Amino acid sequence: MTAVVTNKWHNVKKAFSAEPVPDILSRGCGHDRHLSSSPERGPAAGLLAMTALAVGFGMILFMFRSMYLREKFSLQLELPRPALADPMPKLLPEARLRTLFTYSEVWLFPKNQCQCETKHQGYNFQHAYRQTDLPAVNARRRAEFEHFQRREGLPRPPPLLAPPNLPFGYPVHGVEVMPLHTVPIPGLQFDGPNVPVYQVTLTASLGTLNTLVDIPDSVVQGRGQKHLTISTSDRKLLNFILQHMTYTSTVYQLHRVDVVSLKFKSSVAKFPVIIRHPVVPKLYDPGPERKLRDLVTIATKTFFRPHKLMTMLRSLREYYPDLTVIVADDSKEPLKINDSHVEYYIMPFGKGWFAGRNLAISQVTTKYVLWVDDDFLFNDKTKIEVLVDVLEKTELDVVGGSVLGNVFQFRLLLEQSENGHCLHRRSGSFRPLDGFPSCVVTSGVVNFFLAHTERLLRVGFDPRLQRVAHSEFFIDGLGSLLVGSCPDVVIGHQAHSPEVDPQLAALEKAYSKYRLNTNAQVQFKLALHYFKNYLQCST
């Protein structure tokens with residue numbers, strides 16, 4: 001600063017040396033000497049010269065001070081130059097994202113199109129169709145998928161994003177109304193700046209808005225309409241009206257989401273109102289004593305194996321003599337079963353595995369149904385009561401046991417894509433079951449399981465799957481059924497030894513012909529996954 005000021009002072013002196021003022025002053029000084037020796041001028045002339053000299057020096061000091069202050073404050077108040085913006089960091093590369101969001105070797109991260117690595121094990125389901133048929137199949141498949149989405153209310157509405165510093169309090173979740181019903185809207189509040197007149201507008205699309213406050217239409221305009229405006233100079237009155245707002249559903253839909261907006265000047269808040277019709281319950285009366293026979297029915301399907309079925313029934317009666325058993329049979333010859341607690345249903349010959357399951361379960365009238373194969377063996381570890389206790393105390397829909405230690409637990413991981421989903425099957429479970437440390441949560445279990453009858457009927461068994469089929473049921477129930485497994489509940493299995501009796505040996509031989517899937521049936525199953533389940537591949 002000193003160097004700058006000194007330089008400025010030098011410039012000031014240089015500038016004034018060329019100006020008239022210093023010239024006048026120099027002449028004034030000479031005149032002063034001259035006047036002092038001149039008797040005609042007198043004391044008045046000397047006083048005038050001194051005054052002119054003082055004024056000159058004052059002007060110099062004033063100009064110097066002005067330039068000094070300007071220099072000083074211009075340095076202090078100089079606006080900072082804008083710094084160069086730091087470049088934003090790059091996003092993580094895909095290879096790093098795969099390590100962060102991978103579960104059981106499957107990259108469960110949003111992507112435009114999922115893929116399946118099917119080199120070692122897996123299927124591309126579209127390969128079940130001839131290439132010439134695929135365009136027409138895909139057109140029908142897409143049309144049916146869009147119809148499914150409409151019925152399910154898909155795709156879901158996009159996330160609601162709240163702008164910063166909104167002047168409102170409002171509900172972010174939990175406002176739900178039945179179709180054509182009315183509900184209060186909780187939590188509405190204005191917390192914005194003070195203004196002479198407050199004007200707040202609410203807007204809905206699938207319903208109408210109103211307030212319970214008895215107030216003139218000049219304050220609340222649009223009662224019972226989709227657009228309602230509150231205009232008042234009283235802030236407390238505004239909040240009182242907001243606290244008593246209502247929403248009325250005017251469109252009959254089983255499940256829709258309306259988005260209500262709340263506006264003040266340029267600030268807009270939005271919150272969802274769920275329009276949903278509750279499911280009417282279908283309850284099963286367990287009776288006053290809540291006996292097991294009033295809670296559980298056993299269901300099975302048999303085919304060409306009457307001896308296996310009878311052996312299974314005899315083992316059951318050793319432990320549960322009065323449980324109802326429903327048998328669906330699509331053999332050629334009907335059986336005669338002397339058991340008052342067995343309901344026996346004859347089907348058309350060879351109708352199929354899943355058709356028999358549908359028939360048997362459709363006749364169940366108890367809360368739970370226990371599914372068993374016709375060649376199982378009940379023993380002292382087959383504790384049905386334990387499985388009932390699990391379903392009674394948890395949110396599970398299905399709980400499996402083990403067959404001679406085989407739990408057949410598997411997890412199903414789904415990736416959604418525009419042109420078809422990817423399904424990844426992995427063995428094991430997701431987590432322990434709360435409250436039952438020996439049980440786990442999974443996606444699929446062995447053929448020995450207890451289930452809520454109503455939930456099983458809702459998913460159903462595809463009757464087009466006639467022979468080997470099991471995992472297909474759990475794929476159909478993915479997202480609908482919560483499945484668990486309790487390996488400590490064990491059921492036995494009859495030996496696979498050859499039959500000595502010629503007649504039984506002939507039945508076993510005939511059964512074996514129907515036991516395995518043909519190549520045509522495998523291709524049909526793959527095509528079914530491609531079209532019905534909208535899957536493109538699996539691993």
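## A pocket in a predicted model

A pocket, as the word is used here, is an open set of grid points where a 1.4 Å probe fits, with protein on both sides within 12 Å along at least five of seven lines. Rolling a probe the size of a water molecule over the atoms shows where empty space is left. The structure above is a predicted model, and its second largest pocket holds about 1400 Å³ of space.

Let's look at what surrounds that space. The second largest pocket has a lining of 35 residues, and those nearest its centre are F148, E152, D476, L478 and S480. Four elements give two or more residues each to this lining: α5 (134-152), β22 (421-427), α10 (453-459) and α11 (471-476). Which element supplies the largest share of the lining? That is α5, with 9 residues. By character, the lining of the second largest pocket splits into 13 nonpolar, 10 polar and 12 charged residues.

## Strand β15 and its neighbours

Strand β15 covers residues 296-302, and 7 of its 7 residues are buried, so the rest of the structure largely encloses this strand. In a regular strand the side chains alternate between the two faces of the sheet. Are the faces of β15 covered or open? Both are covered: V296, I298, T300 and T302 are buried on one side, while T297, A299 and K301 are buried on the other.

You can follow β15 to two parallel partners. With strand β16 (residues 324-329) it forms 6 bridges in the parallel sense, and T297 stands opposite T324 in β16. With strand β18 (residues 368-371), β15 pairs in the parallel sense over 4 bridges, and here V296 stands opposite Y368. Helix α7 (residues 306-319) joins β15 and β16 in a β-α-β unit, which is right-handed.

## From Y368 to helix α9

Y368, the residue of β18 that faces V296, also gives a way to place L391. The C-alpha atoms of Y368 and L391 are separated by 9.0 Å, with the two residues 23 apart along the chain. L391 belongs to helix α9 (residues 384-393). Is L391 buried or exposed? Its relative accessibility is 3%, and because buried means under 20%, L391 counts as buried.

## A sheet of three strands

Three strands make an open sheet, in the order β6-β12-β9, and their pairing is antiparallel. The edge positions belong to β6 (182-184) and β9 (207-211); each has a single partner strand, so one side of each is left without a neighbour in the sheet. From one strand to the next, the twist averages 25°.

Within this sheet, β9 and strand β12 (residues 245-249) are joined by 5 bridges in the antiparallel sense. A handy place to find the pairing is G207, which stands opposite S249 in β12.

## A sheet of six strands

There is also an open sheet of 6 strands with mixed pairing, running in the order β5-β14-β13-β8-β11-β10. Which strands stand at its edges? These are β5 (176-177) and β10 (220-221), each with a single partner strand, so each has one side without a neighbour in the sheet.

Further inside that order, strand β8 (residues 198-203) pairs with strand β11 (residues 227-232) in the antiparallel sense, over 6 bridges. To find this pairing in the model, look for T203, which stands opposite H227 in β11.

Technical notes: Residues are numbered from 1 along each chain as its sequence is written. This is a predicted model: local features need pLDDT of at least 70, side-chain atom pairs count only at pLDDT 80 or more; totals for chains, interfaces and linings use all residues. Side-chain values use heavy atoms; hydrogens and water are left out. Buried means under 20% relative accessible area, exposed over 50%, partly exposed in between (1.4 Å probe, protein chains only). Two strands pair if DSSP finds at least two bridges between them. A crossover is right-handed if, with the strands pointing away from the viewer, the path from the first strand over the helix to the second runs clockwise. Axes are lines fitted to C-alpha atoms, for helices over the stretch in contact, and angles run from 0 to 180 degrees between N-to-C directions. On a 1 Å grid over the protein atoms alone, a cavity is a set of points where a 1.4 Å probe fits but cannot get out, and a pocket is an open set with protein on both sides within 12 Å along at least five of seven lines; lining residues have an atom within 4 Å of a point. Grid points are joined across faces, edges and corners, and a volume is the space filled by probe spheres set on the points. Ala, Val, Leu, Ile, Met, Phe, Trp, Tyr, Cys and Pro count as nonpolar, Asp, Glu, Lys and Arg as charged, and the others, Gly among them, as polar.
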